[in-house]
Amino acid sequence: MSETINKDILRGGQFLVKETKCEDVFTPEDFSEEQKMMRDSAKEFVDRELWAHWERFENKDYAYTEECMRKAGELGLLGVSVPEAYEGLGMGFVSTMLVCDYISGATGSFSTAFGAHTGIGTMPITLYGNEEQKQKYVPKLATGEWFGAYCLTEPGAGSDANSGKTKAVLSDDGKNYLISGQKMWISNAGFCSVFIVFARIEDDKNITGFIVENDPSNGITLGDEEKKLGIHSSSTRQVFFSDTKVPVENMLSERGNGFKIAMNALNVGRIKLAAACLDAQRRVIGEATKYANERIQFKTPIMNFGAIKAKIADMATNTYADESASYRAAKNIEDRITIRQAEGNSHQEAELKGVEEYAIECSILKVAVSEDVQNTSDEGLQIFGGMGFSADTPMESAWRDARIARIYEGTNEINRMLAVGMLIKKAMKGHVDLLGPAMKVADELTGIPSFDTPDYSVLFSEEKEVIAKMKKVFLMVAGAAMQKFGAKLEEHQQLLMAASDILIEIYMAESTILRTEKNAKRFGEDSQETQIAMSQLYLYNAIDIVIKKGKEAIVSFAEGDEQRMMLMGLKRFTKYANQPNVVALRTKIADKVAAENGYCFS
């Protein structure tokens, strides 16, 4: 992996208005030897401790989840992102994504425990704690001696996280805060040692974060384990605080800074959640492919049927796209962190600002990959037929476990609106020039289109032109909507959702094409034959979504000549010169997966 960092790397959201060269994206094929060793170590742990015992997780064996977490701690897997000064491995952002990816594929129960502990349970102290707090708590959390949990959600405060009612009252002697309130859906509550608790001091506008040790004699009680659709062995309980004494020195960061801590923790959580859905897809594809190769119907393996090939091809294509986009963003974040540290920022500040810079991409990935893992597990179950519906096969649990991913870390509806909302805010601050490109697109609508036939002989030349035109669709729709509604655009949620789907497809399709182009240039086009097919298939499907969502938005806010002009623009900007043969692409992809008996592209 190259250690040179281009200081001109795109800022968050700029992928929409600036061209990215394939040489400037990081791909899974760029993993260093050290990263490959980390990946293999995580896979070995998962196969031995988790995948081999998947039934135990389905049977609500909470003790086994805790046991596996301790083993992960002994192997150093809980401290990958923790600085070495606090008993962690101090690895970069890509490596932390990599471990999160490969440790999360076997069971949602363990991946939830792992994510809640390493992310929202440990990270707020690592990134917002003072030196004394970090020295006291982080080493124990990094090694698995202690486990962490995160208490934000309340019965009346879910997506509206800052509306929590839990109170923190300063004691008469000024030495403690007394916390009282109720928290719900708290992952790891049943076995954690320390909580990150958010509470409101007096009538403060914003909540405040506290580090609270789990001591039942200090006014802390737990509800029963929640009965859940999936993630059966993830300990999920309500936590009740009644005048729980918390030393004033355990306030995290500053008074009223809790909402900021919560939101920044969610930014990291979103991209890590995307990573946590990747290996789950690979494993589902692997199981489905093996079954389809072995299941004989009408005297032939069902893998030979076109209907099954279509499913396998789409599952593999979406997984390949998800990997491409997730690691592209992860490396951008890592590079931004490195640049900030070189400029004198502390580790804490560099990491916070680095992730915050790419909050748009984090929301895009959270939505795209969580929906793909749901679709992949659904199609995997369908390939298994009646056996898929049986709890005796892992497809049934994979399908149930996948469902929570669209709710975690802010619902997908919230994240769709956030992605566009944050992009507009960046434009208003001058960090992303949306106005200039949007005006150029508006001028282009009234101009005469070129009828020249370009030379598309170079690999992906047409596909890259199609992506550039997809960006014009977004600029046309979002630019006209901003002009019409101004600051009130955020009230038009259905328009934001449609625009967001266009934005998501642009980022995912471009990431996929760029990964394959980079690998074709260095390894040869022949070696990337199937990856080229997946890239073309993903783009074909993406264009359909852009057409549908673009039309939905245009006919909902534009009228008369403006509407007609924009619909003509939509047609112009989503036109292929050479339509791909979709059946041939799917057949090529499925045949490769079938021959390898599983997903074989990472």
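Helix H14 (412–429), helix H16 (461–485) and helix H17 (493–523) each contribute at least two residues to the lining of the second largest cavity. In this predicted model, that cavity has a volume of about 50 Å³. Its wall is made up of Val420, Ile424, Val477, Ala478, Ala481, Leu489, Leu495, Leu496 and Ala499. Sorted by class, this gives nine nonpolar residues, with no polar and no charged residues in the lining.

The second largest cavity is one of three cavities of 30 Å³ or more found by a search of the whole structure. The largest cavity holds about 110 Å³ of space. Its lining comprises 14 residues, and those nearest the centre are Ser81, Thr118, Met123, Lys272 and Glu351. Two or more lining residues come from each of helix H4 (93–103), helix H5 (108–121), helix H6 (123–128), helix H8 (258–276) and helix H11 (347–357). Of the contributing elements, H6 has the largest share, with three residues. By class, the lining of the largest cavity has five nonpolar, seven polar and two charged residues, whereas that of the second largest cavity has nine nonpolar residues and neither polar nor charged ones.

Attention may now turn from closed cavities to an open pocket. The second largest pocket encloses about 1,200 Å³ of space. It is lined by 30 residues, and Leu418, Gly421, Met422, Lys425 and Lys429 lie nearest its centre. The elements that supply two or more residues to this lining are H8, H11, helix H12 (359–384), H14 and H17. H14 provides the largest share, ten residues. The lining of this pocket divides by class into 13 nonpolar, six polar and eleven charged residues. Several helices thus recur in these descriptions. H8 and H11 each give two or more residues to the lining of the largest cavity and likewise to that of the second largest pocket. H14 and H17 each give at least two residues to the second largest cavity and two or more to the second largest pocket.

These spaces sit within a chain that has 20 helices and ten strands. The radius of gyration is 24 Å, close to the 25 Å that the globule rule gives for 602 residues, so the chain is as compact as a globular protein of that length. Along the principal axes, the C-alpha trace spans about 80 × 60 × 45 Å. Of the 602 residues, 58% count as buried. Among contacts with a separation of 6 or more, 79% are between residues 24 or more positions apart.

A clear example of sequence-distant pairing is found at Phe601, in the segment after helix H20 (582–596). Phe601 and Pro28 are 573 residues apart in sequence, yet their C-alpha atoms are 9.2 Å apart in space. With neighbours within four places in sequence set aside, Phe601 is in contact with Glu29, Ala316, Tyr320, Glu323, Arg515, Thr530, Gln531, Met534, Lys592 and Val593. At a relative accessibility of 3%, Phe601 falls below the 20% limit and therefore counts as buried. Cys600, by contrast, is partly exposed, with a relative accessible area of 27%.

The cysteines raise a further point: how many disulfides does the structure hold? The total is zero. Cys68 is in no disulfide, and the nearest cysteine sulfur, that of Cys100, is 16 Å away. Cys68 counts as buried, at 0% relative accessibility.

Two backbone conformations also invite a closer look. Most residues other than glycine have a negative phi. Asn188, which is not a glycine, has a positive phi of about 75°. Asn188 lies in the loop between strand S3 (176–187) and strand S4 (194–201). Glu202 also has a positive phi, near 50°, and is found in the loop between S4 and strand S5 (208–213). Are these two loop residues buried or exposed? Asn188 is buried, with a relative accessible area of 0%, while Glu202 is exposed, with a relative accessible area of 56%.

Note on methods. Residues are numbered from 1 along each chain as its sequence is written. This is a predicted model: local features need pLDDT of at least 70, side-chain atom pairs count only at pLDDT 80 or more; totals for chains, interfaces and linings use all residues. Side-chain values use heavy atoms; hydrogens and water are left out. A disulfide is a pair of cysteine sulfur atoms within 2.5 Å. Buried means under 20% relative accessible area, exposed over 50%, partly exposed in between (1.4 Å probe, protein chains only). On a 1 Å grid over the protein atoms alone, a cavity is a set of points where a 1.4 Å probe fits but cannot get out, and a pocket is an open set with protein on both sides within 12 Å along at least five of seven lines; lining residues have an atom within 4 Å of a point. Grid points are joined across faces, edges and corners, and a volume is the space filled by probe spheres set on the points. Helices (H or I, at least four residues) and strands (E, at least two) are DSSP runs, numbered from the N terminus. Ala, Val, Leu, Ile, Met, Phe, Trp, Tyr, Cys and Pro count as nonpolar, Asp, Glu, Lys and Arg as charged, and the others, Gly among them, as polar. The radius of gyration is taken over C-alpha atoms; the globule rule is 2.2 Å times the number of residues to the power 0.38. Contact means heavy atoms within 4.5 Å.
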